[in-house]
Amino acid sequence: MVAEPTITKKTLLGVCCSVTQPAIRRCLMAAVMFCVISLLVFSYYISNSELHRLNPDPPQPSFQCYSQSSDLLNNFHGSSQLNVHASSARLRLDPKVLVIIESQYSLLGKQISEILEASRTRFKIEIAGKNLPVLTRQDKGKFAVVVFEDYEKYLFMNKWNRELLDKYCLEYGVGVIGFLRPKEKPLVHTEIHNDFDLAISTNLKLYDYHLNPNSSVLRLTRPEETFYGDLPTSDWTVFHSAHSTYKPIAWARAHNLTGKPASENQLMPTLVEDQGQIDGIQRVLFGGGFKFWLHKLLFLDSISFLSHGKLSLPLDRFILIDIDDIFVGQKGVRMKPSDVQALLEAQERLSHSIQGFRFNLGFSGKFFHHGSGEENKGDDMLLKYVDSFWWFPHMWGHMKPHLFYNHSLLDQRMLRNYQFAKQHGIPVNSGYSVAPHHSGVYPVHEQLYEAWKKVWNVRVTSTEEYPHLHPARFRRGFVHRNIMVLPRQTCGLYTHTIFLNKYPGGPARLKNSIYGGDLFSLFVYNPINVFMTHLSNYGNDRLAPYTFESVVKFVKCWTNLRLFTVPPLKLAEKYFELYPEETDPVWINPCIDKRHKSIWSKTKTCDQLPKFLVIGPQKTGTTALYTFLTMHPAIVSNYPSPETYEEVQFFNGKNYYKGLDWYMNFFPVLKNSSSLFLFEKSATYFDGELVPMRVNSLLPYAKLVTILISPIKRAYSWYQHMRAHKDPIALRYTFYDIVTANETFPKSVRELRNRCLNPGHYAQHLERWLSYFHPRQLLIIDGEELKDDPASVMSRFQRFLRIKPFFSYRNRLKYNPSKGFFCPVTEENSVKCLGHNKGRNYPPMDYRAEKFLSTFYLPHNVALSKLLNKLRQPIPEWLERDLSRG
Ligand code: A3P
């Protein structure tokens with residue numbers, strides 16, 4: 001009998017190694033290395049086999065229209081006979097929609113708002129049951145269409161309101177849209193109202209949606225197509241009427257209306273136009289909501305139709321598809337020659353439906369030839385076909401620009417990419433660029449804009465981050481340093497989405513987005529769409545060509561939209577022609593949005609922004625207040641400006657275009673920012689039209705301080721100020737002439753009059769500030785009290801700021817009889833009054849001017865006293881005096 005050998009650790013090791021200590025160590029290391037190498041080989045094998053398993057058949061954009069005519073996709077211009085909604089009649093209507101919703105929280109109401117917001121249609125929301133808003137202004141209708149989330153709220157409105165609304169609709173040619181809601185107990189063939197000769201059946205499940213090619217309502221919607229299959233939800237309403245006023249816009253078949261087999265069911269109207277034969281008012285009635293995607297299109301068409309084209313979207317759509325990360329990407333996700341071939345073919349096919357179509361390729365040269373052998377051939381093939389595409393530069397090494405603090409380093413990196421492009425024959429003159437992860441575009445990193453201009457002569461870029469990533473429907477463009485920033489839309493393809501089966505949330509999610517969902521809607525709502533895709537979306541499953549070819553087919557099938565692609569510079573010019581109001585940027589506090597903060601330079605801090613602002617108006621004692629504030633140990637002012645001295649004047653006028661960095665550089669970086677209060681005073685902020693909105697965007701939590709004196713006195717002090725500054729008009733004309741200047745006076749005099757009088761419309765300006773800020777954020781100082789008892793005002797001010805330590809001004813402000821004002825006392829106990837230009841001596845006001853201004857300011861003063869009452873603020877003595885004089 002042979003004994004079993006005893007296998008011990010020692011004997012095992014002994015098989016391959018001798019048993020000395022260093023030899024054991026060597027052995028262990030060899031074993032570990034062997035494990036690591038086998039793991040690497042194994043994972044490479046697994047991942048590659050997965051690629052191969054998923055890769056052989058990329059999905060095809062196989063969507064077919066039922067109505068597809070052979071030349072549909074080769075047709076840039078869609079159907080030739082489109083309904084024109086624009087009317088030649090002179091309509092006295094504002095292009096705005098009135099939406100009456102059931103409650104603040106109702107889902108359909110929310111969806112209606114979202115569609116209107118996304119299509120940039122102006123609208124006003126009101127809750128049903130309340131009084132109607134004012135419908136007219138100076139014989140002009142304020143709304144071109146009225147939408148009822150629940151049509152019954154219109155039918156059974158109180159008599160007075162209903163008569164008022166119907167009269168308005170008749171007189172101004174305004175149409176009504178109404179949605180029929182499901183009932184707790186289903187209705188079958190039930191009259192909706194005595195006056196309308198219309199019955200409904202509710203709570204139905206429907207299928208097969210047909211459009212009426214003869215309906216004049218359809219404009220965006222291409223009527224030839226039919227939706228086959230079940231419609232979402234089982235809460236549809238269908239309409240029944242023999243009256244000729246009702247013309248179906250769409251029909252569907254009902255599963256459970258008659259009990260007959262489905263195949264025998266008739267088409268039932270689900271969307272009808274009431275042509276107004278009964279009472280003269282045109283209406284469109286919806287038997288279902290927006291769970292069915294087609295209703296979004298039909299809703300926009302109904303608005304266009306009922307507003308007589310005043311609220312029509314254009315039919316032209318400009319699409320730019322950027323392919324970012326060219327040459328960037330790990331092995332295994334890059335493009336091989338076959339993918340480049342597929343890209344060229346997709347471009348060719350897309351160019352049949354999108355006039356002038358070209359893919360726009362953004363490259364980072366550093367990673368050229370960093371793929372596998374086949375992928376490197378893919379890089380070469382892209383260059384072989386360099387002229388078939390448009391090109392734009394990315395960063396050389398795909399680095400985030402906000403991480404570069406100094407100009408020259410950023411310039412250098414860009415130059416390397418520039419040289420790379422030159423070397424490889426890539427065009428360098430597109431004038432377009434984008435930044436990795438939107439970094440430096442918004443929030444603005446000035447260094448990026450400068451380097452872009454210097455190295456690449458960039459004129460256009462795009463981002464998803466302005467003003468914020470979410471909600472996407474509010475993304476906008478702006479212009480900074482002559483670079484046009486376009487909003488970019490998200491198509492749902494990211495660097496890591498390379499396989500349809502692994503699409504986040506499943507392939508159905510991408511398909512839903514394409515076939516009537518988010519991506520399709522972007523084509524419908526936005527006349528201009530810039531989409532970002534990535535190199536990786538064109539390898540493996542080639543999800544990007546699949547997605548765009550599918551959505552374009554779907555758009556062509558269901559809409560009359562005409563698709564174009566134009567180079568980025570032309571596209572940007574078009575964008576700002578369409579939306580000139582967006583040219584001006586709005587600087588938002590980068591610390592409020594997490595994403596913005598993550599792409600904002602670490603060298604910048606929101607602590608370098610003021611905690612409160614003294615907003616004016618001019619000549620009310622703002623310099624005195626500013627001087628007193630700077631005496632406080634915990635209050636720190638801005639650095640002086642070479643042009644405007646102690647005032648920064650950022651939020652009004654041209655300085656705003658200099659950007660956030662420019663503004664922040666006026667403030668010191670504080671060691672103890674939480675206990676110190678940075679502030680600035682610019683007296684022209686008070687009456688600046690855009691200032692409250694701009695301040696609110698950058699400093700939403702800031703406190704605001706205004707000083708009010710009699711507007712009559714203020715106007716006179718301002719006039720004297722202009723004379724002291726040798727303004728030729730103020731020197732030539734008397735105060736009375738200026739304040740009473742009418743149309744017979746030269747323009748320059750009238751302009752000076754406006755500048756003199758407008759800031760005194762206190763209530764109007766305060767209301768504007770209060771539409772952006774909570775009253776708790778605003779301190780109103782009585783300028784007379786500031787003059788006569790500044791120490792009390794300063795105590796109140798400190799309580800308003802909740803500032804510590806409390807600083808007693810009693811002994812630090814001393815009345816100076818020769819100046820006639822209180823003056824600061826320095827720590828060395830010397831009195832330092834304000835300069836000679838503050839608290840001037842000038843002759844008393846002309847009696848006639850005073851009398852004129854008392855009457856002129858009376859309505860403004862009345863409005864101010866009402867506002868102060870509403871704010872539970874005391875009425876200053878000067879106001880009571882002015883009111884009694886007016
Ligand atoms: P006048 O020069 O017409 O008297 P502002 O600084 O906003 O331009 O306002 C100037 C006004 O502040 C002066 O107008 C003056 O009446 C007023 N004022 C209030 N307190 C003052 C003070 N302590 N010293 C100087 N001027 C003061």
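**Reading strand 27 and Phe677**

Q: Is Phe677 buried or exposed?
A: Phe677 is buried, because its relative accessible area is 12% and buried means under 20%. Keep in mind that this is a predicted model.

Q: Where does Phe677 lie, and which residues does Phe677 touch?
A: Phe677 lies in strand 26, residues 677–681. Leaving aside residues up to four places away in sequence, Phe677 touches Lys611, Phe612, Ala634, Ile635, Val636, Leu801, Arg802 and Ile803.

Q: How many residues apart in sequence are Phe677 and His632, and how far apart in space?
A: In sequence, 45 residues separate Phe677 and His632. From C-alpha to C-alpha, the two are 9.8 Å apart in space.

Q: How many residues of strand 27 are buried?
A: In strand 27, residues 703–708, 6 of the 6 residues are buried, so the strand is largely enclosed by the rest of the structure.

Q: Which residues of strand 27 point one way, and which the other way?
A: Start with the general idea. In a regular strand, side chains alternate between the two faces of the sheet. Now the case here. Lys703, Val705 and Ile707 point one way from strand 27. Leu704, Thr706 and Leu708 point the other way. Residues on both sides are buried.

Q: Which strands pair with strand 27, and in what sense?
A: Strand 24, residues 612–616, pairs with strand 27 in the parallel sense over 4 bridges. Strand 28, residues 778–782, also runs parallel to strand 27, and 5 bridges join the two.

Q: What are the bridge partners of Phe612 and Leu704?
A: Phe612 has Lys703 in strand 27 as its bridge partner. For Leu704, the bridge partner is Leu778 in strand 28.

Notes. Residues are numbered from 1 along each chain as its sequence is written. This is a predicted model: local features need pLDDT of at least 70, side-chain atom pairs count only at pLDDT 80 or more; totals for chains, interfaces and linings use all residues. Side-chain values use heavy atoms; hydrogens and water are left out. Buried means under 20% relative accessible area, exposed over 50%, partly exposed in between (1.4 Å probe, protein chains only). Contact means heavy atoms within 4.5 Å. Two strands pair if DSSP finds at least two bridges between them.
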